[in-house]
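Hi,

Here is the structure I promised to pass on. Have a look at it first, and then read on for my notes.

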Amino acid sequence: LLDLLYIYVVIFSFYFLLLAIKNLSTKFFKRQQRVENTGVQRKLCLIIYAHNNLKNVENIVKQLKEQTYNPENFITFLVLDNCTDGSASVFAAESMLNIFNASDQCTIGKDQAISILLEKLRTHDVGEAYVFLDANRFIGSDFLASINNALSYSHVVTGSTTLLGTDLTLDKILRWLSINI
């Protein structure tokens, strides 16, 4: 019985050694290559969801103003889901924000609120790519630039580095969203 346990430990250790060696590949360097400046600035459409997050929305708006990305190349929609903290009045005068206020209903949730906004935006030319953010997200000053550069490698970017597929279009993404929401 003890011999069997030793064999199991050796096989288990060997397996994890192989996994460690496999992960020592050049994956880190490939990620670094993705954030190189491509020179092309796409028009991005940012969609920020908030529900009674006034402080967080103030922070992310401040961070958006500090972006190294050209402000003319992104448009920002703020989705306020039945906010009772005065967010709509605080950001009404903010020129960089387009506010979509879902206050005429009860709290409808993130998926439904963004789905309604996307349906309204479907007929407008708002950008070449959508960037979805929660109000409580922290973004660095090069966030939009790195998103833009990552889009040179794939049509769909999740997070800031994971790429999904090569033949996806906005229509396919919208259909997927409407089926899965």
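Let me start with a residue near the end of a helix: Glu119, at 47% relative accessibility, counts as partly exposed. The helix I mean is H5, which covers residues 110-121. Do keep in mind throughout that this is a predicted model.

Glu119 has a partner: its side chain meets that of Arg122 in a salt bridge, with 3.4 Å from N to O. Arg122 also counts as partly exposed, as its relative accessibility is 43%.

While we are at H5, its length is worth a check. With twelve residues at 1.5 Å a residue, the helix should span 16 Å, and the end C-alpha atoms are indeed 16 Å apart, so the two agree. What about the residues of H5 that are buried? These are Ala113, Ile114, Leu117, Leu118 and Leu121. They cover an arc of only 135° around the axis, so they sit on the same side of H5. The general background is that an α-helix has 3.6 residues a turn, so residues three or four places apart point the same way.

Back to the charges. How many salt bridges are there by this rule? The count comes to two. Besides the one between Glu119 and Arg122, Glu94 forms a salt bridge with Lys65, where the closest N and O atoms are 3.1 Å apart. Glu94 is in the loop between helix H4 (87-91) and strand E3 (97-101), while Lys65 belongs to helix H3 (residues 54-65), so the pair ties together parts that are 29 residues apart in sequence. Lys65 counts as exposed because its relative accessibility is 51%, and the cut-off for exposed is over 50%.

Leu64 is in helix H3 too. Is Leu64 buried or exposed? Its relative accessibility is 2%, so Leu64 counts as buried. If you want a contact between distant parts of the chain to look at, take Leu64 and Leu144: they are 80 residues apart along the chain, and their C-alpha atoms are separated by 8.8 Å.

Now for the aromatic residues. A search of the whole structure turns up five aromatic pairs. One of them is Tyr8 with Phe12, a stacked pair at 5.9 Å centre to centre with 25° between the planes. Both residues lie in helix H1, four residues apart, which is about one turn of the helix. Tyr8 is exposed, with a relative accessible area of 54%, whereas Phe12 counts as partly exposed at 41%. Another stacked pair is Tyr130 and Phe132, with 6.2 Å centre to centre and 20° between the planes. Phe132 is partly exposed, with a relative accessible area of 39%.

Tyr8 and Phe12 also belong to something wider: together with Tyr15 and Phe16 they form one aromatic cluster. Which residues make the nonpolar surface patch of about 930 Å²? Those four are in it, along with Leu2, Leu5, Tyr6, Val9 and Leu19. Val9 is found in helix H1, which covers residues 2-22, and Val9 counts as partly exposed at 43% relative accessibility.

Two backbone angles caught my eye as well. Asn52 has a phi near 55°, a positive value in a residue other than glycine. Asn52 lies in the loop between strand E1 (44-50) and H3, and is partly exposed with a relative accessible area of 33%. Asn82 is not a glycine either, and has a positive phi of about 50°. You will find Asn82 in the loop between strand E2 (74-80) and H4.

Finally, the overall picture. The protein has seven helices and six strands. Along the sequence, they follow the pattern α-α-β-α-β-α-β-α-β-α-β-β-α. Of the 181 residues of the protein, 30% count as buried.

Cheers

Conventions:
Residues numbered from 1 in each chain as written. Predicted model: local features only at pLDDT ≥ 70, side-chain atom pairs only at ≥ 80, totals over all residues. Heavy atoms only, no water. Expected span 1.5 Å × (residues − 1). Buried < 20%, exposed > 50% of the residue type's maximum accessible area, 1.4 Å probe, protein only. Arc of directions from axis to C-beta. Patch = residues over 30% accessible without salt bridge, like charges linked within 9 Å, V, L, I, M, F, W, Y side chains within 5 Å. Areas by Shrake-Rupley, 256 points an atom, 1.4 Å probe, with all protein chains shown as cover. Phe/Tyr/Trp six-rings, centres within 6.5 Å; stacked < 30°, edge-to-face > 60°.
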